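Subject: Structure for you to look over

Dear colleague,

I am passing on the structure below, together with some notes on what I found in it. Please read them with the sequence and the coordinates open beside you.

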Amino acid sequence: MKNCLIVDDSRVVRTVAGRIVKDLSFAVTEAADGAQALEQCRKEMPDAILLDWNMPVMNGLDFLRALRREEKGADPIVVFCTNENDSEHIGEAIRAGANEYIMKPFDADIIESKFAEVGLV
Amino acid sequence: MQESTFNELSDLALRLSGQHIAASKAYLLEARLSTISRRENLATLDDLVHCLKARPNPRFEQEVAAALSSKKTSFFCERALLEKIVTQALPERLSHSKTGRLRVWCAGASTGQEAWSLAIRLSEEMGSALARAEIEIVGTDLSTQCVETAKTGTYGHFDVQKGLSIHRLMTNFSRKDNGDWVIGDAFHRNVNFRRHNLLDSARDLGAFDIIICSNVLGGLAPAAQRLAIENMSAQLLPEALFFAAPDETIEGLSSAIKPSRALRGAFERDTTEKKTAAA
């Protein structure tokens with residue numbers, strides 16, 4: 001079973017996204033900010049990361065840049081999932097190494113579609 | 001909703017657009033007709049049917065029939081089919097074309113995502129022979145409202161995130177101030193949309209190299225399926241190809257088409273019957 005790390009400072013979003021991702025046959029782990037997520041990735045790299053942008057301690061973009069510098073940090077497929085919906089943010093995320101980008105609000109079809117785009121389902 | 005109301009509406013859909021609405025799908029009617037009911041200030045579908053009968057109006061009946069049809073679609077909905085068309089069917093047609101001009105008809109195009117997806121996919125064929133071809137895409141739908149939406153090439157937050165990768169979205173669309181996304185102007189040159197009922201002759205649309213009618217025929221009654229296929233096949237150029245969605249079974253629905261010898265999964269016009277009749 002593939003593992004997906006959901007990184008978002010909102011417990012509600014983690015719960016909702018977690019349910020959707022579980023329905024796509026992923027094992028789900030959670031982190032509330034980028035620093036926690038990086039710590040978890042150093043212990044075990046997930047197959048996929050669903051990543052919020054604005055979070056306390058370490059934001060999603062800084063986390064992604066740090067992740068891609070880690071050994072095996074290029075492996076996880078990272079899908080941003082954020083309220084930052086303008087072209088500049090999307091471009092910045094892609095340049096930092098994001099594989100896909102979900103603009104909030106999302107639904108199950110969007111997550112499934114985006115996961116399909118990057119070959120996760 | 002009274003049973004007689006369901007019967008009136010399903011009869012209307014069958015008569016005007018060939019749609020078969022099973023009684024088990026009665027629950028869909030309220031949602032599909034909600035916009036019209038609200039606009040006409042009608043509280044229930046029983047009222048709507050009463051209005052249809054009290055003030056017969058062909059235009060209003062057509063609008064109701066169109067509203068009853070399924071609008072479900074998304075970008076790159078039938079990805080494998082689009083790939084087959086772009087990488088096999090269109091190059092094959094182009095190799096026989098003297099003018100370098102090809103025409104594709106997306107029949108039952110709903111709000112246009114399939115037609116725009118094909119245009120986007122074609123724009124990615126930079127190095128291939130297709131890049132030099134002039135390919136016109138015509139999308140048609142029964143619903144005037146759908147056709148108007150399709151023409152604008154403008155889609156909401158949820159629509160653009162289903163089937164479109166972020167790369168394709170950023171490359172081919174721009175974001176409007178209200179949060180909608182609009183397809184690039186360049187695509188409008190070769191893509192156009194028209195209202196058309198598949199039960200009517202399509203002579204006005206002209207002849208086509210490729211006809212795509214995916215996830216449409218399954219919603220029609222058998223007689224309407226036959227008529228729609230006959231009408232569409234009449235617009236196929238010699239050796240041109242007809243496609244339904246890969247999981248749709250259309251073989252045997254009409255003698256107007258037969259499986260293509262050139263491309264597996266495609267159909268071509270069957271002229272056998274006519275030859276026999278002429279003989």
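The notes below take up chain A, then its contact with chain B, and then the helix packing in chain B.

This is a predicted model, in which local features need pLDDT of at least 70 and side-chain atom pairs count only at pLDDT 80 or more, while totals for chains, interfaces and linings use all residues. Residues are numbered from 1 along each chain as its sequence is written, and chains are lettered from A and ligands numbered from 1 in the order in which they are written.

Chain A has five helices and five strands, where helices (H or I, at least four residues) and strands (E, at least two) are DSSP runs numbered from the N terminus, and along the sequence these elements follow the pattern β-α-β-α-β-α-β-α-β-α. Its radius of gyration, taken over C-alpha atoms, is 13 Å, close to the 14 Å that the globule rule (2.2 Å times the number of residues to the power 0.38) gives for 121 residues, so chain A is as compact as a globular protein of that length. Of these 121 residues, 41% count as buried, that is, with 20 or more other C-beta atoms, placed from the backbone, within 10 Å of their own.

The contact between the chains (C-beta atoms, placed from the backbone, within 7 Å) takes 15 residues from chain A and ten residues from chain B. On the side of chain A, helix H4 (87-95), strand S5 (100-103) and helix H5 (108-117) each give two or more residues, and the largest share, five residues, comes from H5(A).

In chain B, the axes (lines fitted to C-alpha atoms over the stretch in contact, with angles from 0 to 180 degrees between N-to-C directions) of helix H2 (residues 26-39) and helix H4 (residues 58-68) come within 8 Å and cross at roughly 140°. H2(B) and H4(B) are therefore oblique to each other, a class left for angles outside under 35 degrees (roughly parallel), over 145 (roughly antiparallel) and 65 to 115 (roughly perpendicular). Their contact is made by B:Leu29, B:Arg32, B:Leu33 and B:Ile36 of H2(B) and B:Glu63, B:Val64, B:Ala67 and B:Leu68 of H4(B).

Helix H1 (residues 3-17) of chain B also packs on H4(B), with axes that come within 9 Å and cross at roughly 100°, and the two helices are therefore roughly perpendicular to each other. Among the residues that meet there are B:Leu12 and B:Leu16 in H1(B) and B:Val64 and B:Leu68 in H4(B).

With best wishes

How values were computed. Buried ≥ 20, exposed ≤ 12 C-beta atoms within 10 Å, placed from the backbone. Contact = placed C-beta atoms within 7 Å.
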